[in-house]
Amino acid sequence: MKADSFNCIVIGAGHAGAEAAHAAAKIGAKTLLITISKNTIAKASCNPAIGGIAKGQIVKEIDALGGLMGLATDATGIQFRLLNRSKGAAVRSPRAQIDKYKYSEFIRNKLEETDNLTIVEGLAADILVEDNQIKGVVCTDGRKFQSGTVIVATGTFLKGVMHTGTKQWQGGRLDEPAANELSDCLKKLGLEVKRLKTGTPARLDAKTIDYDKTQIQYGDEKPQPFSFMTEAITRKQIPCWITYTNEQIHKLLRDNLGRAPLYTGQIKTTGPRYCPSIETKIMRFADKTRHQVFLEPEDEEVKTIYCNGISTSVPEDVQEKMLKLMAGTENAKIIHYAYAIEYDYCPAIQLKPSLETKKIKRLFLAGQINGTSGYEEAAGQGIIAGINAARLIDEKEPLVLRRDQAYIGVMIDDLLTREIDEPYRMFTSRAEWRMSLRSDNADRRLTQIGRDIGLVGDGRWEKYQQTIAQVESFTEFLKNTRKEGKLLWDHLKQPQNTISQMPEIAALNIRPDVIESVMTDSKYEGYLAKEEKSVAQFRKLEKLRLPDGLDYDKIGHLRAEAMEKLKKFKPATLGQAGRIGGITPADIMIIQIHLRKQAKKGSAVRRG
C-alpha cells in the first residue's frame, strides 16, 4: 500500500472523529485522521464537562466497547458528580468537569500511540468518488489521499458562520476556519444539506470573579470513575460556583432584542431546545425572575471560567452590561465573548443503521453533521462509524446496536426515524428500556461485543472477566443466603434495604461497584422481567428486514401518508418502520401481508 494510501480516512478530529479513527485503526484498518490542527484534537469547544443525564450512560458504553472518552475523563476530570443520585439507578448519570486542555492532550497522545493510525494537519476540500464508490480525499492545499472508506466528522465546521450582535464571520469554531468546500462537495454527491445553530457563553478571567457572592458547589466525596478500567479517582477535585440572572438582566436583554441576531432575523436556523440562549429563556419563561448560572472552571489551575447558563449572541456591550449586573461577576474580565454559530448538517435519514450513507457506498457520517448536539452523542456515533468502516473493509457485517442494547442504539435509531429540525440531545426518557440500560452495567451489555469485533484489548478483557466472576459469585451468594428466614436477594427488593455493610458480604471481597450493580439487579428484577417481554416482541420486528429497494407504491391499501414517509426514510427493518412518525400499526400489518405474499412468490424476507 502506498504511503498516501489508506483503508479509512477520518475527516475531523473532534470527539466523533477521535473515536472513529481510534476504533478503525485498533480493529486493524490503516487509518488517516485529517485535522486542521493537532492541538485541537478532541477540543471541548463549548462546556468543559463530560457526561450528564443519559450522556453519562453513552460515555460508559463507549468505554465498555473499548473507546477513549471514559479513560480521558477519569485522567483529566477535576470534579465528579453522580446526577439523580436520589432517584432510581436507571436514571442516575455520571458527569465530570474536565481540564479541557489536558483532556485534549490525553486523547491526542492516545491517538498518536495507536498502531495503524496516521494524523495529518490539513483542511479536507473534496471527497473523490467513482462509480458511486469512495476513492479518496483531496485537501485545500492539493494533497491527495487514497482510501476505500471515508468518515466525515466535521462538527460545526461545514460553512460555519459565527454571530455576536451584528458582527458575522466565517469559522467552524473560535479562531478556526470553516470548511466551505467540503460542504459543497457533499451537495454535489447528492446528499441533502440543511442548517442548524448552536452557541456558547462568554469565558471569564477566573481571578476577576468575586466568589464570596456565589454559592459553592462541590463534587461527590467519593468520585465514581467513568471507565471500567479506572480503580479510583485520586486527582484533586475543584468546586464550581452558582450565581443567578435577575430582573435587571432580563430587562436589559428585552430592551436589546432589536440587536439580538436571534430576533432580528440575522440567524435563521433552529438552535438546541434543551440548551437555549439566555435571550430565548427570558422570552420563553417570561414568568421566571431568575435563571441559574454555573461558573465552571475550564482547567485545573482555574484560569478561566465557563458561564454555563447564559449562552448568547447579543452584542459585546450587552454581554458586558449583563455580567456587571450578575452577583459575583460585576468586575469580571471577559477572555472571549459569547457567540452563536450556524452550520451545515446532513439529515441522518440518509444513513443506514451502520452510519454509512445510503447514496454513496463506503461514505460514513458521524457527530454533529448528523444533527446531534454534545460531545458524548458525537463520540458514540464516532466509535460506531469507525467500527463499521473497518468491518466493511474486511467485508464483515456491520455492528448495529439495538434500542434494547445501548443508549447509542437508541440515539442512532432516533436519528434514522425522526425528522430532525433542531440539534438532537439524548435523555433517559428517550430509552424505553432504560432500566436495562444503566450506567453501572454498560460493560455487561457491551464488552463482549467489543471483544468480538477486536476493539477490547487483553487488559480490559481480563478486568471484565473478573467483574463477571464477581457478579456471578455475589448473585449466587444473595440467592442462597437467608436472613430472618428470607433470601438476601428478596430482602434487597425492599427500597430501604441495602445490606452492603453485612460482615458476610465484606468477607466475600467483592468490589463496591459490583455490589451496587448486583443489588440494583435484585431491586429491578420484576421490572426487568416485564421489560424482557417487551424486548422480545421488539426483536421479532427488528429481525424482519425490509428488502433494499422495496417499492412501497406497489403495496396495496397502504395509506398515502405512510407511503410518502416510508419512501423518504427507507427503513431497514419492520421495527424501524414502525417508529417513524405517522406510521401506524395498521400500516405495519399491511406491509407484513405484502411481504408474506412476496415470499410465497419466491422473494423471501431476509432475516437478521
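**Exercise 1.** Is Gln57 buried or exposed?

*Solution.* This is a predicted model, so the values are computed from it.
Step 1: find the residue. Gln57 sits in helix α2, which spans residues 55–65.
Step 2: read the relative accessible area. For Gln57 the value is 0%.
Step 3: apply the cut-off. Buried means under 20%. Gln57 is therefore buried.

**Exercise 2.** Which residues does Gln57 contact, leaving aside neighbours within four places in sequence?

*Solution.* Step 1: take the partners numbered from Gly52 to Ser93. They are Gly52, Ala90, Val91, Arg92 and Ser93.
Step 2: add the partners further along the chain. They are Tyr407, Thr428, Leu437, Arg438 and Ser439.

**Exercise 3.** Where is Tyr337, and what does Tyr337 touch?

*Solution.* Step 1: locate the residue. Tyr337 lies in the loop between β18 (334–336) and β19 (339–345).
Step 2: classify its surface. Its relative accessible area is 23%, so Tyr337 is partly exposed.
Step 3: list the contacts, not counting residues up to four places away in sequence. Tyr337 touches Ala202, Glu316, Gln319 and Glu320.
Step 4: set sequence against space. Tyr337 and Arg203 are 134 residues apart in sequence, yet 6.7 Å apart in space, C-alpha to C-alpha.

**Exercise 4.** Which residues gather with Arg596 in a patch of positive charge on the surface?

*Solution.* Step 1: place Arg596. Helix α20 (residues 585–600) holds this residue.
Step 2: check the surface. Arg596 has a relative accessible area of 47%, so it is partly exposed. A patch takes residues with over 30%.
Step 3: name the partners. Lys597, Lys600 and Lys601 join Arg596 in the patch.

How values were computed
Residues numbered from 1 in each chain as written. Predicted model: local features only at pLDDT ≥ 70, side-chain atom pairs only at ≥ 80, totals over all residues. Heavy atoms only, no water. Helix = DSSP H or I, 4+ residues; strand = E, 2+ residues; numbered from the N terminus. Buried < 20%, exposed > 50% of the residue type's maximum accessible area, 1.4 Å probe, protein only. Contact = heavy atoms within 4.5 Å. Patch = residues over 30% accessible without salt bridge, like charges linked within 9 Å, V, L, I, M, F, W, Y side chains within 5 Å. Areas by Shrake-Rupley, 256 points an atom, 1.4 Å probe, with all protein chains shown as cover. Salt bridge = Lys/Arg side-chain N within 4 Å of Asp/Glu carboxyl O. Lys, Arg positive; Asp, Glu negative; His and termini not counted. Charge placed at Lys NZ, Arg CZ, Asp CG, Glu CD.
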